[in-house]
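Keep the sequence and the 3D view side by side for this walk-through. The path goes from the core to the sheet, and from there to the charged side chains.

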Amino acid sequence: MTARDEATLVGTALIGSDGGRIGRVEAVFADYLLVRTPGPLPIDLYVPRPSLVEDARGLRADCTASEARRRWHRPLRRAPHD
């Protein structure tokens, strides 16, 4: 990924290797991006920066949308009040 101004990444669409939309960048951190998937029940994906490449077409991941959900979704293991 290029050294683009981090503030300009927020709101950028993340596209999968198959051309399908994975989600939209919600926040930028030192070693990963927080990406929210589209739909009625969105999920947050924690995408490591080395898995991304920025080209003329936009921000792309090294996997498809379904792979991204499996690789980068971190659901709660148990309720926080337990």
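Which residues have the most contacts inside the largest nonpolar core? They are Leu 14 and Leu 33. The core itself has 16 residues. This is a predicted model, so every position here is a prediction. Five elements each give two or more residues to this core. Four are strands: E2 (21–28), E3 (32–36), E4 (44–48) and E6 (58–61). The other is helix H2 (65–72).

Stay with Leu 33. Set aside its neighbours within four places in sequence. What remains is a list of ten contacts: Leu 9, Val 25, Ala 27, Val 28, Leu 45, Tyr 46, Val 47, Arg 49, Leu 52 and Leu 59. Val 25, one of these partners, also gives a useful distance to the start of the chain. Thr 8 and Val 25 are 17 residues apart in sequence, yet their C-alpha atoms are 9.9 Å apart in space. Thr 8 lies in helix H1, which covers residues 6–9. Its relative accessible area is 38%, so Thr 8 is partly exposed.

Now the sheet. In what order do its strands run? The order is E4-E3-E2-E1-E6-E5. The sheet is open, has six strands and shows mixed pairing. E4 and strand E5 (52–55) stand at the edges. Each has a single partner strand, so one side of each is left without a neighbour in the sheet. From one strand to the next, the twist averages 40°.

Look closer at one pair. Strands of a sheet pair through backbone hydrogen bonds, either parallel or antiparallel. E2 and E3 take the antiparallel sense, over four bridges. Within this part of the sheet, Ala 27 stands opposite Leu 34 in E3. Helix H2 packs on the sheet and touches E2, E4 and E6. The direction of H2 makes about 90° with that of E4.

Turn to the charges. How many salt bridges does a search of the whole structure find? The search finds five. Begin with Glu 26. Its side chain meets that of Arg 24 in a salt bridge, at 2.7 Å from N to O. The side chain of Arg 36 also meets Glu 26 in a salt bridge, here at 3.8 Å, N to O. This second pair links distant parts of the chain: Arg 36 sits in strand E3 and Glu 26 in strand E2, ten residues apart.

Are these side chains buried or exposed? Glu 26 has a relative accessible area of 26%, so it counts as partly exposed. Arg 24, at 35% relative accessibility, is partly exposed. Arg 36 is partly exposed too, at 31%. These three residues belong to a wider group: Arg 24, Glu 26, Arg 36 and Asp 44 are linked in a network of salt bridges.

One more bridge deserves a look. The side chains of Asp 62 and Arg 71 meet at 3.3 Å, N to O. Asp 62 is partly exposed, with 44% relative accessibility. Arg 71 is partly exposed as well, with a relative accessible area of 34%.

Technical notes:
Residues are numbered from 1 along each chain as its sequence is written. This is a predicted model: local features need pLDDT of at least 70, side-chain atom pairs count only at pLDDT 80 or more; totals for chains, interfaces and linings use all residues. Side-chain values use heavy atoms; hydrogens and water are left out. Buried means under 20% relative accessible area, exposed over 50%, partly exposed in between (1.4 Å probe, protein chains only). A nonpolar core is a set of buried Ala, Val, Leu, Ile, Met, Phe, Trp, Tyr and Cys residues joined through side-chain atoms within 4.5 Å. Contact means heavy atoms within 4.5 Å. Two strands pair if DSSP finds at least two bridges between them. Axes are lines fitted to C-alpha atoms, for helices over the stretch in contact, and angles run from 0 to 180 degrees between N-to-C directions. A salt bridge is a side-chain nitrogen of Lys or Arg within 4 Å of a carboxyl oxygen of Asp or Glu.
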